[in-house]
Amino acid sequence: MKPPRFDYVRPDTVEEALAVLADFGDEAQVIAGGQSLMAMLNLRLAGPRVLVDISRLEALSTCQETGDCLEIGAAVTQADLLDRADLAEAVPLLALALPHVGHAQTRNRGTVCGSLAHGDPSSELPLCLAALEGQVVLRSTRGERRLDAAQFQTGLLSTAREADELIVAARFPLRRAGAGHAFAEVARRHGDFAIVGLAAVAHDGQVRLGVAGIADRPEIREWPFEREDIDAVLNRLAWDLDAADDLHASARYRRDIVRGLGPKVIAEARSCAN
Amino acid sequence: MRELNGAARHRIGFTLNGRAVSGWAEPRLLLTDFLRQELGETGTHVGCEHGICGACTIRIDGRAVRGCLYLAVQADGREVQTVEGLADPDGALNALQRAFRKHHALQCGYCTPGLLMSLTDLFARTPRPSEAQILDVVGGHLCRCTGYAGIMAAAREVAAEP
Ligand code: FES
Ligand code: FES
């Protein structure tokens, strides 16, 4: 189908974008790469009065290491990030997960922050941000605030972003010395939405496991390495997440992925840790 | 700040396969429809119109993207490459197109323009792609005819060319 009618604005500065958002609030919709939004417009699941295109804003097109984070601007595409030669060193989990995000053709346009803003419960980047305890930087004419991943995503396709706020960047913590990471997902075909996605971070005697695709947002759990009843812990987690049947997989299949793939992902993260 | 009224048509211009083109578009007009209906360049196909099938894949500023997930107004000032730009001006097919023909990588041809543009993008970036890299790119397309074997054979042949 075709998108419904909307006005289009392309601000030249972040301040202009914020002014438009302050004026129009939830009647405005920000577009960066549009790899989720354009499909929703075409299907008429979205119908903004004004579309605010931030994809050409220079100020949001940079990726930089600030302190202990890789700060990724809102116009940075998934392909830009994947092209960084030092990504596997800087944020290994992103280097592992990004190839699973959509297809090469959508990563060329889709942004990291856009994926976070969309908040699909099965998508890889919100899972990574949650597993790494990263942050989202939001700005409005009222000021700037940073939200932890857990505060940012509030549920299925919903976030704590206020209508007048622009996501200007995502902050992914840089690899801590000695930390190990692993990522795996089960999807119908490579590039499809994950039925279940798993991300593990092993560090300092603790392992954190993130699970996407079951609850309405990524769920994170943490255990000490020496925990021996890991199968029982994963089984409990699988039930806790309250999986549901849908077109793609049964609840039981989802639990089986957590129980079956979980130990492998954890073991792999631990084997990369030192 | 560029502000375009949703009810009006606006002048849009970009470089298409090396030449300057322009036309009129409402903000909601998809780039695929602008190419096909406003410019009459019907080589780019439209399948699902929500990013799944890959038939609409074109290159913008040297990157393969979905034409159906791109607004015409967003292409203003960009460099756009479509399947029409692949063959020589005299109509002689390029190496990738010849390999597609040789390996029966197309039957109905609906998916073909998109696949050609995705593979063109791959070879531009990675002249000797691995099997996995080819698969990754072909995996972003649906072909309901060929079973993909011919497409893979054609891509492999081009990848192995000196
Ligand atoms: S028509 Fe664009 S992906 Fe199907
Ligand atoms: S040749 Fe018919 S869809 Fe691919």
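Buried area, as I will use the term, is the accessible area, taken with a 1.4 Å probe, that two parts lose on being put together, summed over both. What we have here is a predicted model, in which local features need pLDDT of at least 70 and side-chain atom pairs count only at pLDDT 80 or more, whereas totals for chains, interfaces and linings use all residues. Residues are numbered from 1 along each chain as its sequence is written, chains are lettered from A and ligands numbered from 1 in the order in which they are written, and side-chain values use heavy atoms, with hydrogens and water left out.

Let me start with chain A, which is divided into domain 1 (7-53), domain 2 (58-173) and domain 3 (181-272), the bounds coming from an automatic or database domain assignment. Between domain 2 and domain 3 of chain A about 2,000 Å² is buried, and carbon and sulfur atoms give 64% of that area. On the domain 2 side of chain A, the residues that lose the most area to domain 3 are A:His100, A:Ser122 and A:Leu127, which together make up 29% of what that side buries. The centres of these two domains of chain A, taken over C-alpha atoms, are separated by 21 Å, and 23 residues of domain 2 are in contact with 22 residues of domain 3, contact meaning heavy atoms within 4.5 Å.

Within domain 3 of chain A, I would like to look at a pair of helices, where helices (H or I, at least four residues) are DSSP runs numbered from the N terminus. Helix α10 (residues 230-240) and helix α11 (residues 251-272) of chain A have axes that come within 9 Å and cross at roughly 140°; these axes are lines fitted to C-alpha atoms over the stretch in contact, with angles running from 0 to 180 degrees between N-to-C directions. The two helices α10(A) and α11(A) are therefore oblique to each other, given that angles under 35 degrees count as roughly parallel, over 145 as roughly antiparallel, 65 to 115 as roughly perpendicular and the rest as oblique. The crossing of α10(A) and α11(A) is right-handed, that is, the near helix is turned clockwise from the far one by less than a right angle. Among the residues of α10(A) in this contact are A:Leu234 and A:Trp239, and those of α11(A) include A:Val258 and A:Ile266.

Turning to chain B, the assignment gives domain 1 (2-85) and domain 2 (95-160), with C-alpha centres 23 Å apart. These domains of chain B bury about 1,300 Å² between them, 56% of it on carbon and sulfur atoms, and in domain 1 of chain B the residues B:His45, B:Arg59 and B:Val83 lose the most area to domain 2, together 36% of what that side buries.

In domain 2 of chain B, helix α3 (residues 112-125) packs on helix α4 (residues 131-138) at an angle of about 145°, with axes 10 Å apart, and this crossing, too, is right-handed.

Finally, how many residues does each chain bring to the contact between chain B and chain A? Chain B gives 36 residues and chain A gives 40, and the area buried between the chains is about 3,100 Å², of which carbon and sulfur atoms give 46%. On the chain B side, B:Met1, B:Arg28 and B:Leu69 supply 22% of the area buried against chain A, more than any other three residues.
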